[in-house]
Each structure stands twice: as structure tokens, then as C-alpha cells.
Amino acid sequence: SPTGDSWGIFTFLCAALCNLPALPALNCSEELGAGQSIQQTYDLTRYLEHQLRTLAGTYLNYLGPPFNEPDFNPPRMARAERVPSATVDLDLWRGLTDNARLAANYRAYSRLLCYLRVLDGQVGTAELRHRLAHFCASLQGLVLSIGGVMSSLGYPLPAGPAGPPAPPGAHAAPNDFLKKMDDFWLLKELQTWLWRSAKDFNRLKKKVPPAVVTLRLEARGF
Amino acid sequence: ESHLQYERVGADVTMKCGSMDWDAAVTWTVNGTDIDESHLNGSYLILKNVNLSQSGQYSCYEGSSWHLKYQTFLRVGTPPKEPVLMCRSNNYPKGFYCSWHLPTPTYIPNTFNISVIHGTKDMVCEKDAVPKNRCHIRYLQLFSTVKYKVTLTVTNALGKNFTTLTFDEFAIVKPDPPESVVAKPVPNNPRRLEVSWQNPSSWPDPESFPLKFFLRYRPLILDTWQHVELSDGTSHIITDAYAGKEYIIQVAAKDNDIGTWSDWSVAVHATPWTEEPKHLTTEAQITETTSASTSSFMAPPTTKICDKGAVVGSGAMAVCWTAGLVVAAYSVLFI
């Protein structure tokens, strides 16, 4: 079906984009010298969480019922597992090294950003497109910020998604309803990640003394 | 053997005297008291529109031999109304607890059954010994996207009812109020009050899950509160207190990022520092005023000896007068 093909093409493009190294961002942080501010990254996650609340409300209304009902509590299906989950075992989360903690955040937001950009190309209303575009830009800023913190601490940036890109149409939702379910879970995972990141960066704040440096966020034209 | 039966308030109850025939001659008693024959239909006891006061032990005796033929304990009650259920996490990220109660009593024994479902998993909510009607659950995973569904079923002999709560992990986070709130005046600062407090002891990990605080204060004589929100630290200095007025102060806590504010802490009272009053109602006052003006730091010890309200009788006056002389002598030495 035509919708299936376009979803597949987008997935392929997305995977290709994600495999591009984030090195341009590294140059940015090196220019600024020692230490990135973990506090600033924390503040960014709070800002994004606030933005997401408005965006999610608008988007879920666009999807229509039952997605915009507050009680909507669907079971998690296997296909939703493609979106990285913030859920983690309590003791495991506590025991994460700084590197692992930062890397998990970096990987998650990079992938979530990809999926969101695909969404951006498909939505109906101009208002929604505008909001999504704005959110994607902010989210990219967060990815860069996390990358900057990692570099300044001497940690290598995680590589792109492992393996060859999936063939076009491999993950396409078979029908309109399931496509909307994918969107629903994407927003939910994004919300959960932002809420988890606040806690991750709280922990990092205590363990790594922040160095306050202004970060110039340049649009990298993605 | 004695039986037990439960009946609804307002129901009509017919009690049979065991295996006795309908036309047998029997006597019924309730808690040892004979029941009038007008309530009998043959050997059956008829109770219409029963009420709570009719609960008790009913016994049936054969007419002539006074053999006990049947005995039952009647308990009048109601089926349960929809229970009230509340779940809260005051010890995030350890877990949460749920507590419940019935909005109206049933007057008969009830059993409560609680089930917790997380996605497809059934979780066990461990019942607390104290208080009753409460259970707790430990989180196995954090940052879950799947909601928790808690169902409470209440059952008794006359019926059952239930209620369900569905919530996200972060939605039920509500710490206990801050503890050990202390407010003190700040010496030589008539408009300041120093407030300090501690994290609630039930909050297990304030390092990784820091709390922020909300302070509210007002002088007793006014109704409107002033508020201050503090993102870290467990103390604050109020700098705009009205001089000499007693204040009431409370603090609340919230996880920095998620959930809702705690209830207000226990209220503490404090009055800002004021300069010690120099007037006394004795003759010694005159001596004191002259000495006090030259060495004001002497004033406090004097007022200790001569409490404003306690100067009665010549004995006290003599003490005051002597103290005043001593003070005058010392101040002369110091000049």
C-alpha cells in the first residue's frame, strides 16, 4: 500500500541519517574548552518536558479517540519495542557508571529524534508541523548538550545504531490504527525519558562538579 | 449447635425452630428475654423490617420440656458500599502504598482483597500489620511507561463491591511533610526570622531524588500568607517580618521534578528579635535609666532580676533598688 511504502522509505532515510557521525557537534564543544554544564543539560530536559506536554496534547487530539483519552492504557505490543525504553531495573539504574548513564541518554534521544523527524514529515496540520519542528530543534540541542558533557568528561560518543539499515517497508504499520499506536508510544517514551533524564542528571550533578560554560547551539542544518 | 446468620437492614426474617413442626408449641427468646407470641407464626419467629438493634442471640425452646431446640446468632448489617481507595508514593523510588476504608460501616465483618496489575504482570501488595487496611509494594522497575492498575474488592455476607485506581508511577509521588521545623529570631535583627527543617525521614534518597520546599508564613494577626519556594537547602531567613509580631510558619516538600506537594508541616511560632524594653515599675527605674543610658549593655541582666510583672511588695522593691545601685556602680567603673 502507498502509506506502507512511504513509511518504509522514511524509516530507511531515518536509519541512514542516524548513521551519520555527530562529529560536527564535537568541534563546537572543543572550541569552548573544558567541561560542559550538567546543570544546563538538566535545565534543557525540564524545558523539553514542558514543551512536550503542549505538543503531546495537540498531537493526541489530532490522532483522536481513544488516544487522547486520559484513561487510555493499551498493552505494550512487540512492535513498540523499537522505540528505546527508559524503563530500567532499580538497582541497575543506581549502579550505572557516569559513562553508561550519559550514553543511555545520548542513544535514546538520538533515536527518538529520528522517529520524531519522520513524524514531522507526515502530520496533517500546519500548526502541528510547526510545533514538531520546534520540538525537534530543541531535542537536537539536548542531544548536542549531552554529547558535549560526554566529550568534556573524556567519554567516547556512542556509535550509531548497530547493523545495516532495515529494508524499506520492514517496520511499516500494517494499518492506520497501528500507525497511530506507534505515534502514541513514541510520545509516551519521550515523556518518560525526559522525566528519567531529570533524575539521571540529578545524580550526575552530585558526582561530577559542574563547570559553567556557555554552549553555543548552532543549527547544523539536518 | 449454634448457627450464625446475616441479614440486611430492612429485610423480613423468618426463623424456624430447627426440625420442629410448624404447629409445635415453642418459646423464642432473644438474648435470654422471652419474645411475645405476637411475633410468632406457628413455631416460626417472624421479624419484619429488621434494624441493627435486633442483632443478638435467638433461641427456641420446646414448649413444655424447655429443651433448647434451635439457636442462632443474628447479625443485621448492610452490603458494602463502594470503598474509598488511595495510593501514594511517599518513599520514591522504593515503592508505594495503598490504603482504603469504607465510606459507611456495614456492621458485619468485611474482607478486603487488593490486586495490583502492572501491564501484564500481577504484583503482590503486602499487607501492613499496622495500620490495618493498608498494603505496600516495592518497585521492581523505575521509569515505567505502563500504568499501574489497583483493584480493591470488599466482600461480606450480604454482598460485594469494588473500586479501581489507574495511575502512572510518577503521578502518585507525594512526600511526607518536612520534619523538625524550627524558627528562631535572629539577634539584633528585628525583621528577621531563621527557619530550618529536615527532609522527611520516609524519603529514602534525597541525594538522587532531591526535594524542593515551599515555605509559608504570616503574622498571627493577619490572614494572608506569604510564600517562598526554595529549590535547595533546608533553611531560609525571612527578612521582611513585621517587628515584634508573632509569626506562624509552615513548610511543605515536593520531589524536584515529579508528583505533588506534601501536606503542610506542623506549624511553628516565632517572634523576631526585639530590643529589650527599658521601663520598669519601681523606684529603681530612675537609677537604672541614668545608668542604662550610659551603658546600655547592662540593661538585660537588670530586667532578669526585676521581672516587669513580678514587682509586688517591698521585698522585691528592695532587691530591685539594690540591683540598680550595683549596676550604677559597675557602669561608673566602666566609663
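Two strands pair if DSSP finds at least two bridges between them. Strands (E, at least two residues) and helices (H or I, at least four) are DSSP runs, numbered from the N terminus.

This is a predicted model: local features need pLDDT of at least 70, side-chain atom pairs count only at pLDDT 80 or more, and totals for chains, interfaces and linings use all residues. Residues are numbered from 1 along each chain as its sequence is written, chains are lettered from A and ligands numbered from 1 in the order in which they are written, and side-chain values use heavy atoms, with hydrogens and water left out.

**View 1. A strand pair spans chains A and B.** Strand β1 (residues 88–89) of chain A pairs with strand β15 (residues 141–142) of chain B. The sense is antiparallel, over 2 bridges. Asp89(A) stands opposite Gln141(B) of β15(B).

**View 2. The interface of chain B and chain A.** In contact (heavy atoms within 4.5 Å) are 23 residues of chain B and 25 residues of chain A. The size of an interface is often given as the accessible area lost when the parts come together. Here the two chains bury about 2200 Å² between them, 54% of it on carbon and sulfur atoms. Buried area is the accessible area (1.4 Å probe) lost on putting two parts together, summed over both. On the chain B side, Phe143(B), Thr145(B) and Asp257(B) lose the most area to chain A, together 35% of what that side buries.

**View 3. Salt bridges between the chains.** A salt bridge is a side-chain nitrogen of Lys or Arg within 4 Å of a carboxyl oxygen of Asp or Glu. The rule finds 6 across the interface of chain B and chain A, and 17 over all chains of the whole structure. One joins Asp257(B) to Lys199(A), with the closest N and O atoms 2.8 Å apart. Both residues are buried, meaning under 20% relative accessible area; exposed is over 50% and partly exposed in between (1.4 Å probe, protein chains only). A network of salt bridges links Arg46(A), Glu49(A), Arg53(A), Lys199(A), Asp255(B) and Asp257(B).

**View 4. A salt bridge within helix α3 of chain A.** Arg53(A) and Glu49(A) meet through their side chains at 3.7 Å, N to O. Both lie in α3 (residues 38–63), 4 residues apart, about one turn of the helix. Arg53(A) is exposed at 54% relative accessibility. Glu49(A) is buried at 14%.

**View 5. Strand β14 of chain B and its partners.** In a regular strand the side chains alternate between the two faces of the sheet. Along β14(B) (residues 134–138), Cys135(B) and Ile137(B) point to one face and are buried. Arg134(B), His136(B) and Arg138(B) point to the other and are not buried. Strand β10 (residues 95–101) of chain B pairs with β14(B) in the antiparallel sense over 5 bridges. Phe96(B) has Ile137(B) as its bridge partner. Strand β13 (residues 126–127) of chain B also pairs with β14(B) in the antiparallel sense, over 2 bridges. Glu126(B) stands opposite His136(B). β13(B) and β14(B) form a hairpin with 6 residues between them. In the turn, Asn133(B) has a positive phi of about 60 degrees.

**View 6. The surroundings of Ser138(A).** Ser138(A) sits in helix α6 (residues 126–152) of chain A. Its relative accessible area is 11%, so Ser138(A) is buried. Leaving aside residues up to four places away in sequence, Ser138(A) touches Tyr47(A), Leu48(A) and Gln51(A).
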